[in-house]
Amino acid sequence: MSNRLPLTLKKTKEGWDTVRSSGGLASAMNPLLAKTGGDWIGWAGDNEGEDDRERRAILSQWTETDHCFAVDLPKEVAAGFYEGYANQTLWPVFHNFPSRLMFDAKQWDAYAEANRIFCEAVVRRYRPNDLIWVHDYHLMLLPQLLRAKLPDAAVGFFLHIPFPSSEIFPVLPRREELLEGLLGADLLAFQTHGHLQQFRTALLRVLGVESKIAELALGSRPIRLEALPIGIAPEEYSGLLNGDEKAAQQYGEWVKRYQGRKVLLAVDRLDYTKGVPERLRAYAHLLRSSPELKEKVILIQIAVPTREGIDTYQNLRTEVNRLVGEINGTLGTPEWTPLVYINRSIDRSELVGLYQLADVCWVGSLRDGMNLVAKEYVACKSEGDGVLVLSEFAGAAAEMGEALLINPYDEQRTAATIRRALALDERERRLRMTALNHRVLRNDVFRWGERFLTSLEDAVSERGRYIDRQPQRLRPEEVSYAYRHARRRLLVVDYDGTLVPFTNWPWQAAPPAAVIELLTVLAAEPENLLVLVSGRSAQILERWFGEIRGLCLVAEHGAEIKTPASSSWEPLRPQLSTEWKPTVMPILEHFVDRTPGSFIEEKKYALVWHYRMAEPEFGEWLANELVSMLEAMLAETELRAFRGEKSIEVKPVWANKGEAVGRLLRDFPGPDFIFAAGDDRTDEDVFARLPSNAWTVHVGGGSTRAAYVVDDFQVLRRVLGLLANAGKNISVEDS
Ligand code: ADQ
């Protein structure tokens, strides 16, 4: 599924014309689909005269010969969708040009409508076990729409363009719907790790959805996340170098025409993200500052027209035309036109001839998902005789380190790099180009496609394992039976939210007598090691539970521990530092200022921002902002920002309940009954650390890796009461 098919219909005076679609997606996917097989569903382009017989005949021909299935969009829908929301709202924002953003709610409606029409087209053709591969920013709502209609379908999504930084993404109108739309997929793949990370930050910041590096869980469904840089089909280019007559003739002509001159080549869709004016200005600067290059160099700029219905693109065209005139007018000579500007699509054979000819290929994107031109050029340079100058803002820069990298906004330095490229000695030139060439040949589009599809299949088969992992409701009689038959028992219980309900202020949650009695009885059993693990400070735990004999206490989520055998607290790791506190404190204070009802709790080894009393939506929104800010700030340290129930806690990464439980398992080896209960994310570390036969119990709703769930703290207290009871009569209700 992609917005465009590889073929586009155009209405001419004579009737209908079929032309090849321009752009990277079509260039990449065409050879892949030809090899692997599969159907391509997309918009045919011109949608006038849907009932026209000639048009219908062409479309059925496409289906028969090319497996292309055309989706027709009503004219207003097509305009609002394609030229509107997709290309005037999404495109600029995703390329970090928020100032070019235009938004019109009607265009958004058209975007949503177009996605629905695409969805119907897939549903009509879908057969069980099909893999559905959705491409690019035009169809971001499609995964969720498909999920609703075809709940079991395997849906993968690939974003060809960059994902914007977390400062910029939130400006996007309808950002929530877009992210939710994507979350219908089983696999979400991006061009680079950088883009994937920005997507994860956006998810956290906008939807409050947390993810791991390669995965996120949405209820009972896993979603796989991947960085999969797209490749090309090298043979489609290098293959034309030898044996294709037209290409050979083209090449011969170019060589003759530009003999004795160094050739710089640039090939772009005429889009403002490609940095064409910036390149022309840098070129002018190069010529002005290097008189020795006079009549010795030319730049061939190929610019294929694109999105001409949009004003910004018209303005760009005007500006480029002006620069072309200015450069040739002021810097050329009667024998020398320094800039050859070709403003049309050219044949593949012509393009390959130019790649072969060019001494330097100059890719100057201001922002680009990947940039295939860079790879196509390199594929045509198997002899190693050429230099790639590449913008550091193209996705390709992440894997083409042997190119000479430029910041296209810096005209002087770019010009200097071009000068260097022209003068590079042969040895270095060959070393760099050969390494690039090998990599482009190795990581081709077929390998990319295979990796995507394998990953999609894996993601789907993961679903089953997820469902198996879904927790069951805890049956008190079963756990009580196991308890009674065990001889060495480890019980690990959280406090707030697990044994008592949450209160608005942490100090209001003092334990009721029933809880103290319950803990006292369980801790007194000689076969038991009962551990209370809490996020609370040692001081508070000592005050509330210090008198209970045989009870082991773990404070601050694992930072400190007091075993029954000892009368004092010890840190889980020696030499704990708290020097970071003065740096983090002002940030939290700033959030307190902004959020009425929130406050800071200072623990010995941690700082916590609580926002339970804040207005819920505003609190969540700021919490997301705080976490992403702290994540960036603490990246290189051993500190992390952790989410709790309506709180964000900053503490050392290892000071967690899982580490503490690891220590307890060492101190108390060989238990034949392990029970652990908790209600929040910090307890998940405990569940993760315990063996699979442990009774791990999550208290309340939400996702968990525990094996069992109970509804709330009261149910859990009843269960513990049953265990403690074993013949005795213990009350578990608050008096
Ligand atoms: P595009 O923005 O279209 O693709 P790019 O990757 O450079 O950018 O692909 C352009 C394609 O068009 C190339 O195959 C090139 O050969 C061809 N082309 C360009 N000018 C041409 C001309 N005048 N005549 C003929 N052919 C021409 C989007 C993203 C990119 C990402 C691709 C693929 O914006 O970042 O690399 O998808 O994922």
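**Helix 23, salt bridges and the ligand shell in a predicted model**

The buried residues of helix 23 are Thr682, Asp683, Glu684, Val686 and Phe687, where buried denotes under 20% relative accessible area, exposed over 50%, and partly exposed in between (1.4 Å probe, protein chains only). Helices (H or I, at least four residues) and strands (E, at least two) are DSSP runs, numbered from the N terminus. The structure is a predicted model, in which local features need pLDDT of at least 70 and side-chain atom pairs count only at pLDDT 80 or more, while totals for chains, interfaces and linings use all residues. Residues are numbered from 1 along each chain as its sequence is written, and side-chain values use heavy atoms, with hydrogens and water left out.

The buried residues of helix 23 pack against strand 17, helix 22, strand 26 (673–678) and strand 27 (695–699), a contact being heavy atoms within 4.5 Å. Two of these elements, helix 22 and strand 17, are also joined by a salt bridge (a side-chain nitrogen of Lys or Arg within 4 Å of a carboxyl oxygen of Asp or Glu). In this pair the side chains of lysine 657 and aspartate 494 meet at 3.0 Å, N to O. Lysine 657 belongs to helix 22 (residues 657–667) and aspartate 494 to strand 17 (residues 489–494), 163 residues apart in the chain. Both lysine 657 and aspartate 494 are buried.

Helix 23 also takes part in a salt bridge, between arginine 681 and glutamate 210 (2.1 Å, N to O). Arginine 681 lies in helix 23 (residues 681–689) and glutamate 210 in the loop between helix 7 (193–207) and strand 8 (215–218), so this pair ties together parts that are 471 residues apart in sequence. Glutamate 210 has a relative accessible area of 38% and is therefore partly exposed. Arginine 681 is likewise partly exposed, at 43%.

A further salt bridge joins the side chains of arginine 439 and glutamate 402 (2.6 Å, N to O). Arginine 439 is in helix 15 (residues 426–442), and glutamate 402 is in the loop between strand 14 (387–391) and strand 15 (404–406); the pair therefore ties together parts 37 residues apart in sequence. Glutamate 402 counts as partly exposed because its relative accessibility is 22%. Asp39, Arg125, Arg127 and Asp130 are linked in a network of salt bridges. In the whole structure, 45 salt bridges are found.

The ligand is surrounded by 27 residues, the closest being Ser27, His160, Asp368, Met370 and Glu376; a residue is counted as near if one of its heavy atoms lies within 4 Å. By class, the shell holds 13 nonpolar residues (Ala, Val, Leu, Ile, Met, Phe, Trp, Tyr, Cys and Pro), six charged (Asp, Glu, Lys and Arg) and eight polar (the others, Gly among them). Polar contacts, pairs of N or O atoms within 3.5 Å, include one of 2.6 Å between a ligand oxygen and the side chain of histidine 160. A ligand nitrogen lies 2.9 Å from a backbone N or O atom of isoleucine 346. The side chain of aspartate 368 places an N or O atom 2.5 Å from a ligand oxygen. The protein covers 94% of the 720 Å² of accessible area that the ligand has on its own, as computed by the Shrake-Rupley method with a 1.4 Å probe. Helix 1 (24–36), strand 10 (262–269), strand 11 (297–304), helix 12 (348–357) and helix 13 (372–379) each give two or more residues to the shell.

Notes
Polar contact = N/O pair within 3.5 Å; in protein donor to acceptor, adjacent residues only side chain to side chain.
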